[in-house]
Amino acid sequence: MRLDGKIALITGAARGQGAAAARRFVEEGARVMITDVLDDQGKELAAELGPEFNAAYCHLDVSNEDEWAEAVAFTISTFGDITVLVNNAGILHFSALADTTLADYQRVVGINQVGTFLGMRAVVESMTRAGGGSIVNVSSVEGLGGMPYLVAYTASKFAIRGMTKVAAMELGQHGIRVNSVHPGAINTPMVGEALGRPVDITPIGKKVALRRVGQPDDVANVVLFLASDDSAYCTGAEFTVDGGATATHALS
Ligand SMILES: NC(=O)c1ccc[n+]([C@@H]2O[C@H](COP(=O)([O-])OP(=O)(O)OC[C@H]3O[C@@H](n4cnc5c(N)ncnc54)[C@H](O)[C@@H]3O)[C@@H](O)[C@H]2O)c1
C-alpha cells in the first residue's frame with residue numbers, strides 16, 4: 001500500500017477532488033482527516049470510509065486561523081502527527097476586473113490563498129516532529145496563465161504556486177516536501193456553484209489534447225503520487241493535470 005502509515009489532513013474533502021483524494025488515500029492505507037465546511041457530506045464520507053481506523057471528519061473553514069489550530073490538534077489526538085497535508089479547498093468567482101468588488105476579491109483570496117498559507121504553517125511543527133512529510137497545494141491552470149473574468153481566483157492560484165516554492169526551500173531541511181498541482185477543467189460542482197446553477201462543463205473537453213474534461217480521480221491519483229514516497233525527490237515542483245490544456249498557447 002502506497003500510503004501505509006501516513007496520516008493525512010485534506011481540506012475541502014467533502015466532495016469533488018478532495019473527496020476523491022480521501023477515497024484513494026484510504027484505499028492505499030492512509031488514515032485521513034476529512035475537513036470541510038460541508039459538515040453533513042463530510043461526516044457521511046468519513047462514515048463510509050471507516051470511522052474506527054481510517055477516516056474521521058472535522059469542521060474546518062480554511063480561512064479561519066483558530067479552526068486550523070483546532071483541526072490540527074484534533075488530527076494529532078485522533079491519529080498522530082500529520083505527515084500529509086492536501087490544501088485542496090477552493091472557490092471560484094466570475095466577474096470582470098472592473099466589476100469585482102473588494103469583498104469578492106478578499107473572499108476568494110481569503111479561502112484559496114490565505115487558507116493555503118495557514119494550512120502549511122499549521123502543520124510544520126507536527127510534520128517536523130514526525131520526521132518529514134508531504135504538502136500538496138492544489139493550484140490550477142489559472143496558477144500558470146491568466147483567465148479573463150477570474151482576477152481573484154487567478155491571483156490566488158498564482159500565489160499558491162509561489163508560496164509552494166518558498167515552503168519547499170524552507171522545509172526541505174526537515175524532510176518536508178511541498179509541491180503544487182495544477183488541474184485543468186475537472187468535472188466537479190465548483191463551476192456550477194460559482195454560477196449558482198448546474199453547469200455541464202464537458203464541452204470544454206473538446207479544446208484540449210486528450211479531448212475530454214478531467215475526472216476527480218485524474219487529479220486524486222497525482223495527489224496520491226505526491227503524498228507517497230514514490231515522489232521522494234520531488235519538491236517545489238508544478239504538476240499539471242490538464243489533458244494538455246497548457247501544452248499550447250492562444251495562437252495555436
Ligand atoms: N474543478 C475544476 O475544474 C478545477 C480546476 C482547477 C483547480 N481546481 C481546484 O481544485 C480544488 C478542489 O475543487 P473541486 O473542483 O473539487 O470543487 P468543489 O467545489 O467540488 O470542492 C471544493 C470544496 O472546498 C470546500 N470549501 C469551500 N470553501 C471552503 C472553506 N472556506 N473552508 C473549507 N472548505 C471549503 C467546498 O465545500 C467543497 O467541498 C479547488 O482548490 C479548486 O480551485 C478545480
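**Exercise 1. Decide whether Arg211 is buried, partly exposed or exposed in this predicted model.**

Solution. Start with the number: Arg211 has a relative accessible area of 59%. Now bring in the cut-off, which is over 50% for exposed. Arg211 therefore goes down as exposed. Next, find its place in the chain: Arg211 sits in the loop between α6 (190-195) and α7 (216-227). Last, check the backbone: phi of Arg211 is near 60°, a positive value, and the residue is not a glycine.

**Exercise 2. Work out which residues make the nonpolar surface patch, and look at two of them one by one.**

Solution. Phe94, Tyr149 and Leu195 together form a patch of about 290 Å².

- Take Phe94 to begin with. You'll find Phe94 in the loop between β4 and α4. Its relative accessible area is 33%, so Phe94 counts as partly exposed.
- Then go to Tyr149, in the loop between β5 (133-138) and α5. At 52% relative accessible area, Tyr149 is exposed. Have a look at its backbone too: Tyr149 is not a glycine, yet phi is positive at about 70°.

**Exercise 3. Place Ala96 in the fold and find how far it is from Pro148, in sequence and in space.**

Solution. Ala96 belongs to the loop between β4 (84-87) and α4 (102-130). Along the sequence, 52 residues separate Ala96 from Pro148, but C-alpha to C-alpha they are 7.2 Å apart. As for cover, Ala96 has a relative accessible area of 24%. Buried would need under 20%, so Ala96 is partly exposed.

**Exercise 4. Describe how the protein surrounds the ligand, going from single contacts to the whole shell.**

Solution. Begin with who's around: the ligand has 27 residues about it, and Arg15, Asp36, Asn88, Tyr153 and Thr188 come nearest.

Now pick out polar contacts to oxygen atoms of the ligand:

- Asp36 uses a polar side-chain atom, at 2.6 Å.
- Asn88 uses a polar backbone atom, at 2.7 Å.
- Gln17 also uses a polar backbone atom, at 2.8 Å.

How much of the ligand does the protein bury? On its own the ligand exposes 820 Å², and the protein buries 95% of that. Which elements give two or more residues to the shell? Those are α1 (16-27) and α5 (151-171).

To finish, sort the shell by residue type: 14 are nonpolar, 9 polar and 4 charged.

Note on methods
Residues are numbered from 1 along each chain as its sequence is written. This is a predicted model: local features need pLDDT of at least 70, side-chain atom pairs count only at pLDDT 80 or more; totals for chains, interfaces and linings use all residues. Side-chain values use heavy atoms; hydrogens and water are left out. A residue is near a molecule or strand if one of its heavy atoms lies within 4 Å of it. A polar contact is a pair of N or O atoms within 3.5 Å; within protein, one must be able to donate a hydrogen and the other to accept it, and residues adjacent in sequence count only if both atoms are side-chain atoms. Accessible areas come from the Shrake-Rupley method with a 1.4 Å probe; for residues, only the protein chains shown count as cover. Helices (H or I, at least four residues) and strands (E, at least two) are DSSP runs, numbered from the N terminus. Ala, Val, Leu, Ile, Met, Phe, Trp, Tyr, Cys and Pro count as nonpolar, Asp, Glu, Lys and Arg as charged, and the others, Gly among them, as polar. Buried means under 20% relative accessible area, exposed over 50%, partly exposed in between (1.4 Å probe, protein chains only). Patches are made of residues with over 30% relative accessible area and no salt bridge: like charges are joined within 9 Å, nonpolar side chains (Val, Leu, Ile, Met, Phe, Trp, Tyr) within 5 Å. A salt bridge is a side-chain nitrogen of Lys or Arg within 4 Å of a carboxyl oxygen of Asp or Glu.
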